[in-house]
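Work through the two exercises below with the sequence and the model side by side. Each task is followed by a solution in steps.

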Amino acid sequence: MLEARLQEAALLKRLLDSIKELVTDANFECNEEGLNLQAMDNSHVALVAVKLAATGFKKYRCDRPMPLGVNLNSLTKVLKCAKDDDICILKATDDADVLNLTYEARNSDRIAEYDMKLMDIDSDTLGIPDTEYDARVTMPSSEFSRIVRDLSQLGESVRIEVSKEGVRFASDGEAANGSVLLKQTDAAREKYADYGKEDEEPKEEEDADDAEEGSSKKKAKKAKVKKEDGGDVEMDGEDEEGEGDGEGDVEFKAKSDDEGEDEQDEEEEDEEKSSKKRKKAPSTKNAKPAKKPKKSDEVPSDGGVLIEMNQHVSLTFSLKYLVNFSKSSTLSNTVQLMMSNEVPLLVSYRFGQGEIKYYLAPKIGDE
């Protein structure tokens, strides 16, 4: 039995719009950790991997692992029947041949139900090898989208070159050539330096009593979070779990919630009212603003460009695919490009409920 309750149907709409032109039919693999999709395009040049974590749903239940084989165009049509702010509920029974989608209006005055036939799709999950990339570029997704769309007007391919000078996108067409150079700025280094690291601040502000009584729970929770988020620097293979944390130059961690602080406040007030109240007041105040930047996957669209490079990298890719990838800018305002010579390009978007990754094989022999 699967039941997944999503706060807004807009997320699934944007997700399907991002991948429906690359992939026609695919399996959503459902398990207790969430929904996963992995599929290749027909030409086997590009691969897309989607992860929707169970924690991103308002309610999630999956009694046993099951595949949901869907036609993405059909699912897109059914999702168009929902308003963006509708609550979307996905239901499927064990060995079911139908996926039930229910849309509930915010004010609960409208409930719409749709049943979509499922498909039997034979597909093997590919074991994507762990890769240490020689170059990583973090930039606004809107800027990446604009560059690939502009250059696609000139030619069919783009050369992406990462050097000490910056990251250059160049396309040679029959009638015109064009290139865009993005340089790293100090402002970008500062803004992206805390990318995914906000959880470290409240850790320092904790009182000693909080640290002693809540340490075991918080450590267990952080270990689990690191397991899920540790693969952004590397390929998202099955062998990745539990590895990859801290291997890149920038460490990505989801911010841990300040659970148990309110209960701790009450205990301290009962024990030593006058002294403890004064001690806890600043901690409570500081905890609130610390929660605001919890969207560690989100960086302002004007965040500039951060370039991390071990060696010079220059590869050529099809612009048609990159334009398709750039449609995921509706999911996240930040994109990461990870490259190594003679290795597929990894384009990664992270958002509140999960992540979407694209892998694209480079062109060989193109100048």
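**Exercise 1.** Determine whether strand E16 (residues 334-339) is enclosed or open, and find its partners.

*Solution.* Begin with burial, where buried means under 20% relative accessible area with a 1.4 Å probe and protein chains only: six of the six residues of E16 are buried, so the strand is largely enclosed by the rest of the structure. This is a predicted model, in which local features need pLDDT of at least 70 and side-chain atom pairs count only at pLDDT 80 or more, while totals for chains, interfaces and linings use all residues. Residues are numbered from 1 along each chain as its sequence is written, and side-chain values use heavy atoms, without hydrogens and water.

Next, sort the side chains: Thr334, Gln336 and Met338 point one way, Val335, Leu337 and Met339 the other way. In a regular strand the side chains alternate between the two faces of the sheet.

Then look for pairing, which requires at least two DSSP bridges between two strands; strands themselves are DSSP runs of at least two residues, numbered from the N terminus. Strand E10 (residues 135-140) runs antiparallel to E16 and is joined to it by six bridges, with Val137 opposite Leu337. Strand E17 (residues 345-351) is also antiparallel to E16, over three bridges, and Leu346 is the bridge partner of Met338.

**Exercise 2.** Describe the turn between E16 and E17.

*Solution.* The two strands form a hairpin with five residues between them. Within that turn, examine Glu342, whose phi is positive, at about 65 degrees.

Conventions:
Buried means under 20% relative accessible area, exposed over 50%, partly exposed in between (1.4 Å probe, protein chains only). Helices (H or I, at least four residues) and strands (E, at least two) are DSSP runs, numbered from the N terminus.
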